[in-house]
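Student: I would like to go through this model with you, one question at a time. Could we begin with its interior and then turn to its surface?

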Amino acid sequence: MIEKISKLAVASKPVNLSEMMMALTSTITCRVAFGKRYEDEGIERSRFHALLNETQVMLGSFLFSDYFPSMSWVDKLTGMISRLEKNFKEFDAFYQELIDDHLDPKRSKTDQPEDIIDVLLQLQKQREFKIDLTWDNIKGVLMDLFVGGTDTGAATVIWAMTYLMKNPTVMKRAQQEVRHRN
């Protein structure tokens, strides 16, 4: 990320910090939670980021049924319900692919460190809890980790950078501290 920012700065091009931070936090979250990297450009990364972007749009959208339950028909009329269901189905398929990859007996476990999916699958197999851990439970945990870990981490850094830009004296002190730590 720093390398990309440096190249853009040298070329005097603007840096979309929001986009960069979302990419960074989603990459970190995916690596820890799913054992996968989506750093490089490609079809999987595009699909993954499209799912993330659509989820964030849907989370921030206004649904009549949230405020006026008797008017849920308006959400159907506007297409919000079908859009929401489509997003859930795509994420469900995405998580199922990740789970299937982890269940694949040909998967090399020596090359990859244990991730959260591995832990959840072990918990499901051991059945040590009073309630069974279902596939939907596992997918729900993955959704919480992914959406929560990506959005909040990026938003925190973006707000911190905004604060620094609005307060030049604080930014100068932060720059001096970073430069003199080496």
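Student: Which residues of the largest nonpolar core touch the most other members?

Tutor: We should keep in mind that this is a predicted model. The largest nonpolar core holds 22 residues, and α2 (17-34), α3 (43-60), α6 (80-103), α7 (116-126) and α8 (135-166) each contribute at least two of them. Within this core, the residues that touch the most other members are F34, F91, F94, Y95, L142 and F146.

Student: Which helix gives the most to this core?

Tutor: In soluble globular proteins, nonpolar side chains tend to be buried together. Among the helices that each supply at least two residues of the core are α2, α3 and α7. The helix that gives the most, with 6 residues, is α8.

Student: Which residues are linked into a cluster by ring pairs?

Tutor: Searching the whole structure for aromatic pairs gives 6 of them. Some of these rings belong to residues already named, since F91, F94, Y95 and F146 are listed among the core members that touch the most others. The cluster linked by ring pairs consists of F91, F94, Y95 and F146.

Student: Are α6 and α8 roughly parallel or roughly perpendicular to each other?

Tutor: The axes of the two helices, α6 and α8, come within 10 Å and cross at roughly 105 degrees. On the α6 side the contact includes F88, F91 and Y95, and on the α8 side it includes W135, L142 and F146. Because angles of 65 to 115 degrees fall in one class, α6 and α8 are roughly perpendicular.

Student: How do the residues of the contact of α6 with α8 divide into nonpolar, polar and charged?

Tutor: From α6 the contact takes, among others, D92, Q96, I99 and L103, while α8 brings residues including I138, K139 and M143. Sorted by class, the residues of this contact come to 10 nonpolar, 1 polar and 2 charged.

Student: Is the F62 and Y67 pair stacked or edge-to-face?

Tutor: A pair of aromatic rings is described by the distance of the centres and the angle of the planes. F62 also pairs with F64, edge-to-face, at 5.0 Å centre to centre and with 80 degrees between the planes. For F62 and Y67 the centres lie 5.2 Å apart and the planes differ by 5 degrees, and this pair is stacked.

Student: Is Y67 buried or exposed?

Tutor: Its partner F62 is partly exposed, with a relative accessible area of 44%, and F64 is likewise partly exposed at 27%. Y67 has 56% relative accessibility, and because the cut-off is over 50%, Y67 counts as exposed.

How values were computed: Residues are numbered from 1 along each chain as its sequence is written. This is a predicted model: local features need pLDDT of at least 70, side-chain atom pairs count only at pLDDT 80 or more; totals for chains, interfaces and linings use all residues. Side-chain values use heavy atoms; hydrogens and water are left out. Rings of Phe, Tyr and Trp (its six-membered ring) pair if their centres lie within 6.5 Å; planes under 30 degrees apart count as stacked, over 60 as edge-to-face and the rest as tilted. Buried means under 20% relative accessible area, exposed over 50%, partly exposed in between (1.4 Å probe, protein chains only). A nonpolar core is a set of buried Ala, Val, Leu, Ile, Met, Phe, Trp, Tyr and Cys residues joined through side-chain atoms within 4.5 Å. Helices (H or I, at least four residues) and strands (E, at least two) are DSSP runs, numbered from the N terminus. Axes are lines fitted to C-alpha atoms, for helices over the stretch in contact, and angles run from 0 to 180 degrees between N-to-C directions. Angles under 35 degrees count as roughly parallel, over 145 as roughly antiparallel, 65 to 115 as roughly perpendicular and the rest as oblique. Contact means heavy atoms within 4.5 Å. Ala, Val, Leu, Ile, Met, Phe, Trp, Tyr, Cys and Pro count as nonpolar, Asp, Glu, Lys and Arg as charged, and the others, Gly among them, as polar.
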